[in-house]
Amino acid sequence: MVVRRFLVALVVFSLVVPFSLSAMAQEKKPFEGVVLNAYFIGGGAYEKLYTKIPEFEEQTGAKVNIAAKLSHFELNKRVAQEFASGGDIDVISTHTTFAPGQKDFLLPLNEYLTPEDLKDFTPSTIEASTVDGKLIMLPRHTDVRIMYYRTDLFEDPREQEAFKAKYGYDLRPPTNWQELLDVAEFFTRPPNLYGFVFTGGEEPLVGTFYELLLSAGGNFFDEEGNVIFNQEPGQKALQLLVDLYYHKKATPEGVPNYRWDEVAKAFRDGLIAFYFDWPGWYTMMKDPKESKVAGKFGLAPYPVGPAGYAKIWGGSHGFAVAKSTKNPEAAVALVKFLTSGDNLYFEAKEGGFLPTSISAYQRLKEDVAKTGDPLDLKRLELLEQELAGFVPPPKIPEYQEIVSAIWPELQKSLVEGRDVKVTLDIAAEKVRKILGR
Amino acid sequence: MRTHSERYFPYVLILPSVIGTFLLIVFPLVYSFFLSLTSFHLLKAQSLRFVGFQNFWEVLHDPAFWVALKNSLLFMVVVVNVELVLGLLVALLLNRASGGQGILRTLFMIPMMFPPILVGLQFRWFFNDQFGLLNNILLSLGIIDRPIGWLVRTKTAMPAVMFADIWQNTPFTAVVFLAGLLSLPVEPLEAALVDGASPWQRFRYVILPMLRPLIFIAMTIRSLDAGRKAFDLIMLMTGGGPAYATEILGTYTFRRAIVDYQFAYGAAISFIDMVLTVGFAVYLYRQLLKGRT
């Protein structure tokens with residue numbers, strides 16, 4: 001009898017429990033029926049992270065509709081149109097360079113997140129994502145540049161001897177601006193080898209000028225917002241680029257037309273002795289099928305500027321929520337999910353990115369220490385140092401306009417050797433006009 | 001009743017194109033003029049304020065605008081003239097070819113069939129300093145000892161872009177002139193031959209005057225087209241650089257309106273561009289009418 005009762009109880013229990021559990025599970029889904037429209041950056045490596053979205057949908061019951069996957073330039077245009085026309089837009093991909101310009105349309109995330117939610121992010125990336133005290137995006141991965149140099153050239157005893165004979169000190173990856181000029185000049189043997197290369201046009205040129213400006217102790221603006229980049233530090237910064245390009249001709253002549261792809265290609269083709277570039281090219285540089293310098297390059301920190309330190313320009317890709325969203329909680333939850341430590345670790349492993357999550361970074365270093373080559377570990381350590389102190393472009397909505405106005409002026413000094421002070425005064429006047437409007 | 005419908009029937013027939021014209025041309029034109037009178041910035045909330053002609057005033061005091069305008073005019077004058085002269089030469093040669101005229105004509109038309117974006121890419125590589133065909137040839141012939149940055153020198157960037165445009169568009173003028181040459185009446189030419197006119201005299205006093213209307217047509221079409229088609233070429237080959245050396249009105253408008261989101265400012269530049277273009281078109285059209293009489 002007892003056994004029978006027990007069996008009946010067991011059957012009833014086994015029937016009831018799964019039902020109630022699944023009912024509980026269904027009740028738990030907080031965003032059932034919510035549809036989030038997302039406008040994301042597209043392209044191979046960026047899209048790996050989006051394969052995790054079904055997990056979010058499963059956990060929360062929300063449905064994520066990726067309305068667009070575009071290059072950042074196209075995406076910005078599309079998002080601007082959606083914002084201006086009051087379109088149905090919830091979550092976007094953005095970047096520390098662009099987010100300040102979009103801030104009128106972005107939800108301040110600090111109103112929805114606790115300090116606990118943010119403690120796994122590298123503090124510098126949260127700082128870069130904060131404009132006027134409002135956290136307007138959550139960082140996803142960060143780009144900071146490091147020095148790539150050719151070990152086969154720098155470690156060649158004949159080169160070392162010749163260098164010492166000419167300059168009176170040992171050849172090494174440059175540690176200050178004077179060494180940078182000397183080494184660049186030394187290795188310039190056109191048409192098959194040049195000392196250095198840099199991005200000589202549009203936003204990449206302004207970014208390069210900006211980090212040199214900071215390393216010379218200057219900035220675009222002082223604390224009151226006055227334009228000061230035409231002062232002495234700015235002149236030193238631009239003079240360095242003009243010396244490299246115009247006077248010493250230590251770069252390929254096409255530099256004013258070079259953007260990211262061209263500088264990286266020039267190094268991969270073995271045309272360049274050393275230069276600064278993003279961490280993302282590293283995998284391609286190591287691949288003998290893609291790169292003539294595979295196994296023949298090393299990594300080093302930036303040379304310090306006249307101010308006695310090196311500041312590195314960088315930026316974080318991230319996600320933001322549109323102010324006009326009808327479901328802020330669900331949209332914030334999606335952004336939080338996409339930038340969780342686990343997902344950023346996954347993305348870094350799959351796409352070779354530099355995660356903004358401290359825990360993900362730690363896991364990457366452990367993985368590399370176990371199996372990887374010493375250069376991989378050095379790369380992560382160098383980047384970690386730089387990540388701690390990188391500087392995003394000025395967080396003002398007019399930045400893009402300022403870039404458009406000043407790069408042609410900077411080029412005038414590069415290609416025609418115009419006096420740097422004249423150039424910077426003209427550029428500063430343009431910037432004052434833009435800000436005064 | 002019949003007269004009533006007869007009276008309205010033509011209006012009904014043209015109604016679809018009137019609606020199309022209104023939606024696709026008149027409305028955007030009026031709207032962009034309205035925008036040019038505001039301070040509208042795509043990424044600034046509440047920036048749609050009426051500011052009168054302030055944008056126009058600023059455009060007219062913007063040195064970059066004047067550089068772009070000067071470059072646009074220079075580009076148009078050089079490429080249109082070179083294309084007309086070269087096109088005429090090619091047409092005269094093709095006209096005299098005794099065999100294989102069909103094949104030659106097709107071959108000459110190939111550049112015209114490429115979209116400008118491909119032509120831009122092709123010449124970006126052709127003039128590239130490290131990997132370009134031109135520098136490669138010059139280096140291997142020993143004419144230069146280090147590669148020349150054709151697209152980044154202020155003195156060579158514009159000629160390089162012009163070269164690409166001329167390469168692409170000369171076939172158009174050649175085809176127009178060839179069609180003209182083939183349809184010329186033979187009697188005046190025979191009369192000139194009988195009178196003992198030299199080949200140059202026949203060309204100068206018989207052929208050229210008869211081709212004049214066609215030359216004006218080709219010139220009008222190419223002049224109005226030159227700045228538009230060059231946009232793709234310039235964006236791909238030089239991006240308007242170095243230091244504004246190849247910035248034309250189209251690329252400058254794009255930079256201000258689309259890259260900087262200054263829609264109102266961009267609209268003001270395009271309106272000035274439009275007024276200049278329409279003025280120029282009217283002038284050319286009058287010349288064309290004069291040429292016909």
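**Reading the labels in a two-chain model**

Reader: How do you know what span the 34 residues of helix H3 (residues 63-96) of chain B should have, and what do the end atoms say?

Author: At 1.5 Å a residue, H3(B) should span 50 Å, and its end C-alpha atoms are 50 Å apart, so the two agree. Keep in mind that this is a predicted model.

Reader: What makes Asp62(B) a cap for H3(B)?

Author: A side-chain oxygen of Asp62(B) lies 3.0 Å from the backbone nitrogen of Ala64(B), at the N-terminal end of the helix. A polar contact needs N or O atoms within 3.5 Å, so 3.0 Å passes.

Reader: How does helix H12 (residues 232-247) of chain A fare when its ends are set against a straight helix?

Author: H12(A) falls short: its 16 residues would reach 22 Å if straight, but the end C-alpha atoms are only 20 Å apart. Just after H12(A), Lys249(A) takes a positive phi of about 50°.

Reader: Which parts of chain A do the buried residues of H12(A) pack against?

Author: They pack against H10, H11, H19 and helix H20 (420-436) of chain A. Among these buried residues are Leu238(A), Leu241(A), Asp243(A) and Tyr245(A).

Reader: Why is H8(B) called roughly antiparallel to H9(B)?

Author: The axes of helix H8 (residues 186-194) and helix H9 (residues 199-237) of chain B cross at roughly 170°, coming within 10 Å. Angles over 145 degrees count as roughly antiparallel, so this pair earns the label.

Reader: Which residues meet there?

Author: Pro188(B), Leu189(B), Ala192(B) and Leu193(B) of H8(B) meet Arg202(B), Val206(B), Ile207(B) and Met210(B) of H9(B). By class, that contact has seven nonpolar residues, one charged and no polar.

Reader: Why does Lys134(A) count as partly exposed?

Author: Its relative accessibility is 43%, which puts Lys134(A) between the 20% limit for buried and the 50% limit for exposed. Lys134(A) sits in strand E5 (residues 134-135) of chain A. Leaving out residues up to four places away in sequence, Lys134(A) touches Pro108(A), Asn110(A) and Ser129(A).

Reader: And what makes Asp132(A) exposed?

Author: Asp132(A) has a relative accessible area of 66%, and exposed means over 50%, so the label fits. Asp132(A) is in the loop between strand E4 (130-131) and E5 of chain A.

Reader: What is notable about the phi of Asp132(A)?

Author: That phi is near 50°, a positive value in a residue other than glycine. Most residues other than glycine have a negative phi.

Reader: What is the phi of Tyr261(B) near?

Author: Tyr261(B) has a phi near 60°, again positive in a residue that isn't glycine. You'll find Tyr261(B) in the loop between H10 and helix H11 (263-292) of chain B.

Reader: Why is Tyr261(B) called buried?

Author: Its relative accessible area is 10%, and buried means under 20%, so Tyr261(B) qualifies.

Reader: What makes Ser404(A) buried?

Author: Ser404(A) has 6% relative accessibility, which is under the 20% cut-off, so buried is the word. Ser404(A) lies in helix H19 (residues 399-416) of chain A. Its contacts include residues of chain B: Tyr244(B), Arg255(B), Val259(B) and Asp260(B).

Reader: How do you know that Gly87(A) is buried?

Author: Gly87(A) comes out at 17%, and the limit is 20%, so Gly87(A) counts as buried. Its place is the loop between helix H4 (72-84) and strand E3 (91-95) of chain A. Setting aside neighbours within four places in sequence, Gly87(A) is in contact with Glu82(A) and Ser324(A).

Reader: Where is a cis peptide bond in chain A, and what is its omega?

Author: The bond from Pro190(A) to Pro191(A) is cis, with omega near 5°. Pro191(A) is in the loop between helix H10 (177-186) and helix H11 (202-215) of chain A.

Reader: Which residues does a cis peptide bond join in chain B?

Author: Gly241(B) and Pro242(B), with omega about -10°. Pro242(B) belongs to the loop between H9 and helix H10 (249-259) of chain B. Most peptide bonds are trans.

Reader: Last one: how many helices and strands does chain A have?

Author: Chain A has 20 helices and 10 strands. Of its 437 residues, 56% are buried.

How values were computed:
Residues are numbered from 1 along each chain as its sequence is written. Chains are lettered from A and ligands numbered from 1 in the order in which they are written. This is a predicted model: local features need pLDDT of at least 70, side-chain atom pairs count only at pLDDT 80 or more; totals for chains, interfaces and linings use all residues. Side-chain values use heavy atoms; hydrogens and water are left out. Helices (H or I, at least four residues) and strands (E, at least two) are DSSP runs, numbered from the N terminus. Buried means under 20% relative accessible area, exposed over 50%, partly exposed in between (1.4 Å probe, protein chains only). Contact means heavy atoms within 4.5 Å. The expected span of a helix is 1.5 Å times one less than its number of residues. A polar contact is a pair of N or O atoms within 3.5 Å; within protein, one must be able to donate a hydrogen and the other to accept it, and residues adjacent in sequence count only if both atoms are side-chain atoms. Axes are lines fitted to C-alpha atoms, for helices over the stretch in contact, and angles run from 0 to 180 degrees between N-to-C directions. Angles under 35 degrees count as roughly parallel, over 145 as roughly antiparallel, 65 to 115 as roughly perpendicular and the rest as oblique. Ala, Val, Leu, Ile, Met, Phe, Trp, Tyr, Cys and Pro count as nonpolar, Asp, Glu, Lys and Arg as charged, and the others, Gly among them, as polar.
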